[in-house]
Amino acid sequence: MNFEEAHRIRNLPPYLFARIEKIVAQKKEAGVDIISLGIGDPDLPTPDNIIEEMNKAIRNPVNHQYPSSVGMLSYRRTVADWYKNRFGVEIDPATEVVSLIGSKEGIAHISWCYLNQGDTVLVPDPGYPVYAVGAILAGAEPYYMPLHEKNGFLPDLAAIPEEVAQKAKMMFINYPNNPTGAVADETFYKEVIEFAGKYNILVCHDAAYSEMAYDGYKPLSFLQIPGAKEVGIEFHSVSKTYNMTGWRVGWAAGNASVVKALGRLKSNIDSGVFQAIQYAAMAGLTGPQDSVEKMRSIYQERRDMLVDGFNKLGWKLQKPKATFYVWAPVPKGHTSESFAELVLDKAGVIITPGTGYGQMGAGYFRMALTVEKDRIVEALNRIKDNIGKVLF
Ligand SMILES: *Cc1c(COP(=O)(O)O)cnc(C)c1O
């Protein structure tokens with residue numbers, strides 16, 4: 001049988017890493033010891049107190065039934081308390097929080113709530129692919145806001161053409177940023193809120209990396225900026241903070257009508273997050289935070305090692321203040337793809353071509369700090385010995 005795929009799936013951007021994955025498979029076949037700096041997934045385990053809570057909760061039959069599709073009230077209260085303690089933000093647990101099956105799920109679904117066929121949505125480029133994909137699945141058309149290094153990888157809102165701003169219904173932003181590692185300050189968020197108010201745009205801020213920051217830097221929540229709740233919501237999850245990417249639990253918080261719309265959509269699609277997992281996430285958010293402190297110091301050490309190592313090879317990289325990504329330009333004479341292939345072929349190291357995150361990622365590559373220090377040293381040595389001489 002020949003099943004013709006729907007336009008909505010045919011219109012999805014092509015999978016960009018197919019070629020690299022093919023080379024990886026060949027290398028592995030040939031017995032090459034591959035070091036992957038490609039994956040944005042913590043290599044550290046979920047903290048024990050969270051596992052213990054899961055163990056307990058899973059034995060309670062009450063938790064075996066369908067959960068509330070918007071999350072237990074106790075879960076939403078915990079999220080609200082966390083916002084109060086961490087950012088000084090007041091959230092009404094009854095109306096301003098909805099649980100998500102990981103923030104990615106909510107990011108993909110929010111477009112279904114607010115975008116019709118042909119609508120315009122503002123999406124950062126480079127950016128986490130789900131913003132554009134969710135919008136495309138809803139039939140909308142992304143307008144890509146370029147993130148330039150000279151602007152600290154913040155979108156230049158004044159550069160968005162007037163007619164695009166007039167048409168746009170939603171905007172996605174994400175700080176601390178994947179893939180650039182950039183952070184945003186209060187001035188930027190204020191500009192976003194003013195812009196959104198002027199053009200009646202729903203702002204969706206993705207704060208997945210708010211707890212993964214270094215050198216004492218504390219990222220802001222979009223919601224702590226006055227007026228944010230009028231114009232938007234914030235997506236968050238325990239995935240990166242507590243090494244829980246596989247558990248699939250997160251939330252959206254902020255504007256009550258938007259939270260309600262997302263909850264309404266979700267009640268028609270999924271049936272919420274397994275309650276035992278909600279309890280586990282609550283244990284993370286309310287329990288001892290020393291594991292988070294330890295995570296920061298581990299990534300900070302890896303970051304310093306990787307950035308210092310690359311700078312010795314001729315790069316001039318700044319150390320990112322947050323996220324576990326290092327975003328770097330490719331050497332002259334290379335494209336993102338040719339450099340990623342060279343590094344894989346000659347050094348057995350996987351880096352991600354910047355073009356995987358949008359056209360503006362051209363000329364860059366991303367490295368994730370998700371391997372142990374000795375593997376970072378090994379990766380640096382291999383790059384130095386096998387290709388370092390020809391780089392600059
Ligand atoms: C990892 C990540 C997330 C988290 O996704 P979950 O679905 O909550 O696991 C969200 N946004 C960005 C930009 C990420 O890199």
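This is a short talk on one predicted protein model, from its overall build down to single residues.

Good morning. Please keep in mind throughout that the structure above is predicted.

I'll begin with the chain as a whole. It contains 14 helices and 12 strands. Its radius of gyration is 21 Å, close to the 21 Å that the globule rule gives for 392 residues, so the chain is as compact as a globular protein of that length. If you lay the C-alpha trace along its principal axes, it spans about 60 × 55 × 55 Å. Of the 392 residues, 55% are buried.

To get a feel for distances, take Arg-19 and Tyr-325. These two are 306 residues apart along the chain, and their C-alpha atoms are separated by 22 Å. Arg-19 sits in helix H2. Is Arg-19 buried or exposed? Its relative accessibility is 54%, and the cut-off for exposed is over 50%, so Arg-19 counts as exposed.

Next, salt bridges. How many salt bridges does the count come to? The count is 21. I'll go through three of them and then a network.

The first on my list pairs Arg-10 with Glu-4, and the closest N and O atoms are 3.2 Å apart. Arg-10 is partly exposed, at 42% relative accessibility. Glu-4 is exposed, with a relative accessible area of 69%.

My next pair is Arg-375 and Asp-33, whose side chains meet in a salt bridge of 2.7 Å, N to O. Where are the two residues placed? Arg-375 belongs to helix H14, residues 373–386, while Asp-33 is in the loop between helix H2 (18–29) and strand E1 (35–36), so this pair ties together parts that are 342 residues apart in sequence. Both partners fall in the middle class for accessibility: Arg-375 is partly exposed at 25%, and Asp-33 is partly exposed at 39%.

Then there is Lys-266, which forms a salt bridge with Glu-105; here the closest N and O atoms are 2.7 Å apart. Lys-266 lies in helix H10, residues 256–267, and Glu-105 in helix H5, residues 103–114, so the bridge ties together parts that are 161 residues apart in sequence. Are these two partners buried or exposed? Lys-266 has a relative accessibility of 0% and counts as buried. Glu-105 has a relative accessible area of 12%, and buried means under 20%, so Glu-105 is buried as well.

Some salt bridges share partners. In this way Asp-215, Arg-303, Asp-304, Asp-308 and Lys-319 are joined into one network.

Now to charges on the surface. Which residues gather in a patch of negative charge there? They are Asp-156, Asp-185, Glu-191 and Glu-194. Glu-194 lies in helix H8, which covers residues 186–199. With a relative accessible area of 64%, Glu-194 is exposed.

Last, the backbone. Most residues other than glycine have a negative phi, and most peptide bonds are trans. There are some exceptions to point out in this chain.

Two of them are cis peptide bonds. One joins Asp-125 and Pro-126, with omega at about 5°. Pro-126 is in the loop between strand E3 (120–125) and helix H6 (130–137). Another cis peptide bond joins Asn-178 and Pro-179, and its omega is about 15°. Pro-179 lies in the loop between strand E5 (168–174) and H8. You have already met H8 as the helix that holds Glu-194.

The other exceptions concern phi. Phe-153 is not a glycine, yet its phi is positive, about 60°. Where is Phe-153 found? Its place is the loop between strand E4 (141–146) and helix H7 (162–167). At 10% relative accessibility, Phe-153 counts as buried.

Arg-248 is also not a glycine, and it has a positive phi of about 60°. Arg-248 is placed in the loop between strand E7 (232–237) and strand E8 (250–254). With a relative accessibility of 29%, Arg-248 counts as partly exposed.

To recap: the chain has 14 helices and 12 strands, the salt bridges come to 21, and a cis peptide bond is found between Asp-125 and Pro-126 and between Asn-178 and Pro-179. Thank you.

Notes
Residues numbered from 1 in each chain as written. Predicted model: local features only at pLDDT ≥ 70, side-chain atom pairs only at ≥ 80, totals over all residues. Heavy atoms only, no water. Patch = residues over 30% accessible without salt bridge, like charges linked within 9 Å, V, L, I, M, F, W, Y side chains within 5 Å. Areas by Shrake-Rupley, 256 points an atom, 1.4 Å probe, with all protein chains shown as cover. Salt bridge = Lys/Arg side-chain N within 4 Å of Asp/Glu carboxyl O. Lys, Arg positive; Asp, Glu negative; His and termini not counted. Charge placed at Lys NZ, Arg CZ, Asp CG, Glu CD. Helix = DSSP H or I, 4+ residues; strand = E, 2+ residues; numbered from the N terminus. Buried < 20%, exposed > 50% of the residue type's maximum accessible area, 1.4 Å probe, protein only. Rg over C-alpha atoms; globule rule 2.2 N^0.38 Å.
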